Amino acid sequence: MTGSPRPVSFALLSSSTLQLFDSVLRKEMQRWGWAAKTWEAGFNQFRQEIANPASGLYAFRPDVVILHLDGEDLFAEWLRNPFQGNRERRRESAQQAARDVESWAAAIRAELPRALIILNTVYLPPVHALTGLEYHSPWGLGDLAAEFNCELGRVVAGKPDLLVNDVAAAMSDLGYRQWFDARLWRLARCRMSNAAMKRLARNLSALVRAWKGQTRKCLALDLDNTLWGGIIGEDGPQGIVLAEEGPGLAFTEFQEELAHLSRKGVILAICSKNNEEDALEAIRSHPSMRLREDSFAARRINWRDKAQNLKELAAELNIGLDSFVFVDDNPAERSLVRMSLPEVHVPEWPEDPGEYKAALLDLAGEYFCRVAVTAEDRERNAMYHAERGRVSLAAAAGSLTDYYQSLQMRAQIALADSFSIPRIAQLTQKTNQFNLTTRRYTEADIRAFAGQPDAIVLSLHLRDRFSDQGIVGVMILSERQEDAWSVDTLLLSCRVIGRGVENAFVGFAQQLLLGRGAREMIGEYAPTKKNGLAANLYKDLGFEQIGEELGAARWRLPIRTMAVQIPEWITIEPVKEPVHVG
Amino acid sequence: MLDSRLVEAVASVFGLSNDEVTPESSQENIAEWDSVGHLNLILAVEDACGVQFSTAQIPELTSVAAIQRALDKAKHSL
């Protein structure tokens with residue numbers, strides 16, 4: 001994809017004119033790093049060009065010949081007088097047209113033994129004089145195109161350098177009224193609108209790249225809110241959105257489409273921030289999962305940065321990063337990967353899971369186009385899974401700081417007020433992973449804390465370049481002894497973990513306590529099945545361990561002499577005055 | 001006043017710089033503005049400005065000034 005553009009030459013032969021299409025095709029190829037040269041036969045001159053060995057077509061020696069024929073031209077007689085004939089006559093007519101196309105392709109092949117020749121399926125205008133009569137009389141038009149298209153499959157069978165571009169499907173996807181531009185037909189004998197030409201160019205470029213072997217090999221996927229709705233570490237396998245009905249059906253259908261893609265030989269991999277056991281539990285046991293553990297050739301499920309994980313996946317699968325496409329619902333993760341690994345294609349992704357399946361089909365059409373499928377393709381993921389060996393690479397921090405800088409994070413830390421108290425209580429109820437003590441509080445509890453002179457309830461509201469994350473952090477401090485404050489509760493929503501927000505939060509609290517004349521800050525970590533992720537927080541922040549009580553480790557920081565660094569990439573906005581607490 | 005989107009469309013279709021595009025630019029004085037170039041330009045202007053010209057109108061729009069007048073008219077009829 002990088003470096004100087006690769007040359008490719010196209011000859012365009014058509015029963016209508018493709019003069020306008022020429023520049024659209026060149027622009028499309030350029031987008032993929034190809035410098036396309038084009039040559040076009042004169043209007044309706046394609047038969048002469050094919051028949052004459054000394055023609056301009058053969059002198060041009062193209063890499064690719066596009067023989068673009070319109071149904072309106074192949075079946076012009078039937079359109080001119082549709083009130084004639086019967087089903088059998090139309091079938092003969094369609095088969096004859098297919099034989100004509102077959103002989104033209106053979107004539108081109110004789111002169112250009114190595115060129116790729118692309119034929120196309122045809123359509124006829126869906127509404128016409130026989131509409132209403134079509135199935136109630138001997139007459140008809142619809143079966144002409146259907147029969148011809150069916151015959152094309154026979155024409156190209158066993159010929160790897162003869163492909164069919166499914167123009168009829170593209171037209172039907174866009175809709176005939178968007179596809180056909182009557183103005184361009186009348187002024188220029190062109191049967192495609194601007195939108196149709198762009199679509200045709202995309203399809204052709206995908207076919208040509210697939211034929212050249214220039215397609216991507218691996219689709220790496222995030223898990224939470226990508227393969228299923230919700231967060232597995234918070235909601236549990238029963239709580240995630242993945243079902244046979246309703247909103248969960250969007251994820252089930254998305255997974256089914258991924259399974260189809262894998263049968264075409266696309267390697268699936270997981271690149272996700274979760275506790276691996278939580279994720280695997282859902283993948284192994286959720287009844288609506290369409291993908292299981294052996295659907296994935298490799299996985300990196302951990303809390304490290306995704307660019308590093310993708311590099312490791314590439315090494316483990318022994319394919320280049322330029323063979324990867326990465327899908328993640330989180331724009332910040334997408335941005336990290338795009339910045340660190342420009343070779344990986346990271347598509348924009350719809351916010352509405354209802355659109356995931358359609359987005360995947362579009363993506364597959366452009367990046368995973370396949371013109372042949374082998375038995376090995378169908379088994380590839382299971383094969384990788386079976387042979388998987390753990391490949392561990394040293395984590396290289398590299399440009400992570402640049403990435404954090406680029407997020408432009410702003411943390412607004414505020415005393416609890418009547419607006420934030422419901423959310424604060426909810427976070428104490430829901431947060432399992434980055435939660436140091438996992439104490440569950442009601443709104444009334446939080447309100448009580450906030451009203452006490454020896455307690456401080458802080459909320460952290462995070463914004464970055466991409467989005468407003470809302471309140472994602474809570475800290476409750478209480479003065480247990482004179483000038484010694486304990487961190488009763490410290491939690492962060494898992495969508496902001498791993499960006500240094502926790503350092504900023506504790507650093508801020510330290511300064512706040514210092515301002516109140518405090519001497520020390522006591523942290524506490526009470527292990528649960530889910531919060532292993534936060535086990536080393538106080539140690540990493542420079543606290544010293546002072547013992548254990550009932551399985552909970554206690555940590556101490558003398559705040560007058562030791563400071564917790566607030567990362568330079570997070571801007572802290574000052575505490576607001578509380579709005580009627582109590 | 002020329003619509004900047006029109007100027008950019010003319011410049012990009014015919015490979016000119018924006019400064020070279022004036023109301024007087026026309027099929028008469030731009031070599032690349034042939035019959036194919038004309039339709040490419042019309043499609044580019046339609047794309048950029050979100051308008052659609054009629055079959056009868058398209059062959060008449062052979063200068064930048066004429067396209068600008070058609071854009072003004074389309075805007076008024078909204």
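Chain A contains 23 helices and 17 strands. Its radius of gyration is 31 Å, well over the 25 Å that the globule rule gives for 582 residues, so chain A is more spread out than a compact globule. The model described here is predicted. Chain A also meets chain B, and the contact between them is described in the last group below.

**Extent of chain A**
- The C-alpha trace of chain A spans about 100 × 50 × 45 Å along its principal axes.

**Burial and contacts within chain A**
- Of the 582 residues in chain A, 54% count as buried.
- Among the contacts in chain A with a separation of 6 or more, 72% come from residues 24 or more positions apart.

**Surface and charge of chain A**
- Chain A has an accessible surface of about 25,400 Å².
- Carbon and sulfur atoms account for 50% of that accessible surface.
- Chain A carries 68 positive and 76 negative charges.
- The mean position of the positive charges and that of the negative charges in chain A are 4 Å apart.

**Contact between chain B and chain A**
- Chain B puts 12 residues into the contact, and chain A puts in 12 residues.
- About 1,000 Å² is buried between chain B and chain A, and carbon and sulfur atoms give 63% of this area.
- On the chain B side, B:Leu39, B:Leu43 and B:Thr55 supply 50% of the area that chain B buries against chain A.
- No other three residues supply more of the area that chain B buries than B:Leu39, B:Leu43 and B:Thr55.

Note on methods:
Residues numbered from 1 in each chain as written. Chains lettered and ligands numbered in written order. Predicted model: local features only at pLDDT ≥ 70, side-chain atom pairs only at ≥ 80, totals over all residues. Heavy atoms only, no water. Helix = DSSP H or I, 4+ residues; strand = E, 2+ residues; numbered from the N terminus. Rg over C-alpha atoms; globule rule 2.2 N^0.38 Å. Buried < 20%, exposed > 50% of the residue type's maximum accessible area, 1.4 Å probe, protein only. Contact = heavy atoms within 4.5 Å. Areas by Shrake-Rupley, 256 points an atom, 1.4 Å probe, with all protein chains shown as cover. Lys, Arg positive; Asp, Glu negative; His and termini not counted. Charge placed at Lys NZ, Arg CZ, Asp CG, Glu CD. Buried area = accessible area lost by both parts, 1.4 Å probe.
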